[in-house]
Amino acid sequence: MSWWRTHAGALVGVAGGVGVLSVIQLQNFLLFHSLVELVSILIAAVVFLITWNAREELDRSFLVILGVSYLFVGGVDLLHVLTYKGMGVFPGTGPNLPTQLWVLGRYLEAGSLLAAGTVGLVRGDRDALEWTGNTLCALVMGYAAVVALGLGSIFVVDWFPQMYVEGSGLTRVKVASEYVVIALFSASLGLLYGQRETFNRRLFQFLAGSILLTMGAELAFTFYVDVYGISNAVGHFLKLASFYLIYLSVVKMGIKEPQKTLYRALAKREAEARKFKKAADYSGHAVLITDRDGTIQYVNSAWEAITGYSAAKARGRNPRLLNSGEHDEAFYDELWSTILAGDVWEGEIVNERQDGDRYVIHQTIAPIFGEDETIQNFVAIHGDITDQKVYQRQLESDLHQSVTQLQVLARVLRHNIRNEVNVIAGNAEMIQELSDDTNDIAPMAGRIVDASDHLLAQADKQREIVQFLSAPSTTTILELSAVVDDIVSQLEQQYPRADITIDITADLVLRTLPELEQAIVEVVENAIVHTEHGTPAVTISARSRDRAVEIRVEDNGPGIPAAERQVIAGDAEIDALLHSNGMGLWLVDHIVTEAGGTIRFEDAQSRGTIVTLRLPRNGTLSDGRDSSTPIATTQ
C-alpha cells in the first residue's frame, strides 16, 4: 500500500500521457509516431550521457555497455523517424527505408543486451572491467564501426534486405528478422536471469520488464500491413515503456540507489570513526595513526596532552617532530624495517615535547593491512613512562648503594670474625697443648678449635653467598664433562680418602649460570665431609631429559638432615640454617633456582642421599630472561 502512495503521482502522470498519446494516435499517427520515437531517442541520449559521466561509479559492466549502446540505438532510431512515411525529410523514399532502419536499430539493441549479459556472465561481479579512457574508446569505436557497416549496407551498397513492400506490407525477411530479434532478447533475458543474484532485486525487475516489453513490441511489429495501423501503434507504446524502464534501470537503480548505499556506508563509517575516537580518547593511551610513508593522519587527545602538539599541528607531519636526538639512525632503521616487513615493533623511545622537555614512552607500532594484503597504515599506541623510569633509576641507585654497603659490612664483619676466631682458636690450641690427660680441659679445648674452624668455614661460605647475591646473573656455555672433571680433581686433592665416580658423556653441554660449578662443588663436598665412617663414595652422573639436563649426585653418607631439607623446600625459616650446616645447600638451591632449575632430594636404596639438579638446556633464567644465542644439546 505504501508503494502505491509513494508512486501515485507518477502513475497518474503515466496514465495521463498514455491517454494523450492515444488521442493523438487516432487523430494524427505521424505526430504520434514522431512524439513516441523522439521521447525514446531522448531517453536513449539521457541514458548515454548519465552512463558516460557516471561510469566510474557504476560497478557493473552490464550497465556501462547498455548505456553506451543506447547512443547508437537512439541515432539509428532518429534516422528511422526522419525517413518515416510523410515526414518529407528524405523525398522519394518509401516505407521500406524506415523499416530497414528500424530492424537495424532492433538488432543493435538486442545484440547489445546479449553482449552485456555475456560479459557479466564471463567476468563476474567480482571481476568487473575497469572502464578507462582506452576501454571506453574501444567500445565506442566498435559500435561506430557496426553502425557504419549497417548504414552503408542500406544507403551506399543496397545490400540490406527489403523489409516492406508498398501495398503488400511486411516481407518474410522482415517478419523473420523480428522473430530473430525476439530470440536474441529471450537469450539476453536468460543470461540476466542467471545472474539475478548479483543484481539489486529492483534493478533486475526493471531490466527484465524492459526486455519483455521489447519482445512484445517486436511481436506487434510482425502483424501490421499499414505503417499507420493499430498494431504499429501498440508496438510503439510498448517500445516507449521499454525505454522508460531502461532509464529507471540505469539512472535510478544503477546510480541513485548505489549513491544512497554509498551515503549510508559513509554515514556508518563516520559513526564508527566517532566510536573509535571516543574509545581512543578513553583508553588512557596515546594513539597515533600514519599512512605507509609515516605521515600523521590521526592523533587522540591523550597524544596531544603528552606531546603538547594539537591534532591540527600534527596532521600532515611526520612523527620525527618528536625526535629528541637520543637515538641514532640505526635505531630508527631497525624500527622501520620491522614494521614495513609487517611485524609489530615494541620498545622504549625518548621523545621531546613541543616545549623541549624530554619524556620516555613505551610504544607499540603495528601495521594495518588493506584488502589486498598490503600495508596501508601504521598505528602506534604508547604510554608515558617517564616517572616510572625515574623511579626505576632511583631504585637501581638505592640497590647499588645497598649492595655496596652490604659488601663493605660483610668484609668488615668477616675480617673481625676471622681475627677474633683466630685468637680463640690459637688460645684453645695452647690450652690443649699445656693440659695433661688427667683432666677434661684438653677435649674441651679441642672442641673449641673445631668450632672455630667451623665458624671460619661459615664465614667463607657467607662471602660466597654475598658475592653471588650482589653480582648480576649472566649465562655462559658449560661443557659439563670438563667442568665436573675439574671439580673432581680439586676435591680428590683436598679429600684423598674419597672415592668419586663420574658418569657423564663428553658431548653434553648447556647454557647456564657459571655459578653452577660452585653448586656442584657444594653438593659433592657436602656428601664427602658428612660421611664420618668408612670411605666416602660419591657418584656424579648427568643425562639429557627433554629440554633439560639432570645432574645427579649420589652418596653413601648419613643423609641430609630434615631441618636443612625443610629450609630449602620453603617449609621452615632460613634462621634454622644458623643452627645447621645447610648454608652451602641453601647456596646451591639459590643458584639452581636463579638458573631456572629445581633441586630434588631422595634417599638412596641402601644408604645415603641422591641430590638431583634439573636445569634448562638453553639458559632460561628465573626472571624469564632467555639467552639470545641458541645452543644444541650436543656439539
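**View 1. Valine 549 faces leucine 615 of strand E14 across a bridge between paired strands.** Welcome to this predicted model, starting with its strand pairing. Strand E12 (residues 548–555) runs antiparallel to E14, and seven bridges hold the pairing. On E14 there is a second antiparallel pairing, with strand E13 (residues 598–603), this one over six bridges. Here isoleucine 599 has leucine 613 of E14 as its bridge partner. Why is strand E14 (residues 609–616) described as largely enclosed by the rest of the structure? Because seven of its eight residues are buried.

**View 2. Aspartate 555 of strand E12 and its surroundings.** Is aspartate 555 buried or exposed? Its relative accessible area is 11%, so aspartate 555 counts as buried. Leaving out residues up to four places away in sequence, aspartate 555 touches Ala527, Ala537, Val538, Ala604, Arg607, Gly608 and Thr609. Have a look at glycine 608 while you are here: this residue has a positive phi near 105° in the hairpin of E13 and E14, where five residues sit between the strands. Also in this region, glutamate 554 and arginine 552 form a salt bridge whose closest N and O atoms are 4.0 Å apart. Glutamate 554 is partly exposed at 31% relative accessible area, and arginine 552 is partly exposed at 29%.

**View 3. Leucine 207 in the largest nonpolar core.** This core has 46 residues, and those with the most contacts inside it are Phe62, Leu192 and Leu207. At least two residues come from each of helices H3 (29–53), H4 (61–82), H5 (96–123), H6 (133–155), H7 (172–194), H8 (201–220) and H9 (230–282). Which helix gives the most to this core? That is H4, with 10 residues. Beyond its neighbours within four places in sequence, leucine 207 is in contact with Phe62, Leu66, Leu192, Phe199, Ile246 and Ser249. Another core lies apart from this one; it has 38 residues, including Leu491, Ala498, Ile520 and Ala542.

**View 4. A buried salt bridge between glutamate 109 and arginine 106.** Side chains of opposite charge can pair when their charged atoms come close. The N to O distance for glutamate 109 and arginine 106 is 3.2 Å. The two residues are three apart in helix H5, which means that about one helical turn separates them. Both of them are buried. They also belong to a network of salt bridges that links Glu37, Asp77, Arg106, Glu109 and Lys239. In total, the model has 12 salt bridges.

**View 5. Arginine 353 and aspartate 384 joined by a salt bridge.** Their closest N and O atoms are 2.9 Å apart. Arginine 353 lies in the loop between strands E5 (345–352) and E6 (358–369), and aspartate 384 is in strand E7 (residues 375–384), so the pair ties together parts that are 31 residues apart in sequence. With a relative accessibility of 31%, aspartate 384 is partly exposed.

**View 6. A nonpolar patch on the surface.** Val89, Phe90, Phe155, Val156, Val157 and Trp159 make up this patch, and together they have about 620 Å² of accessible area. Valine 157 sits in the loop between H6 and strand E1 (164–165). Its relative accessible area of 37% makes valine 157 partly exposed. For the wider setting, the chain exposes about 34400 Å², of which carbon and sulfur atoms supply 57%.

Conventions:
Residues numbered from 1 in each chain as written. Predicted model: local features only at pLDDT ≥ 70, side-chain atom pairs only at ≥ 80, totals over all residues. Heavy atoms only, no water. Areas by Shrake-Rupley, 256 points an atom, 1.4 Å probe, with all protein chains shown as cover. Core = buried A, V, L, I, M, F, W, Y, C linked by side-chain atoms within 4.5 Å. Buried < 20%, exposed > 50% of the residue type's maximum accessible area, 1.4 Å probe, protein only. Helix = DSSP H or I, 4+ residues; strand = E, 2+ residues; numbered from the N terminus. Contact = heavy atoms within 4.5 Å. Patch = residues over 30% accessible without salt bridge, like charges linked within 9 Å, V, L, I, M, F, W, Y side chains within 5 Å. Salt bridge = Lys/Arg side-chain N within 4 Å of Asp/Glu carboxyl O. Pairing = 2+ DSSP bridges.
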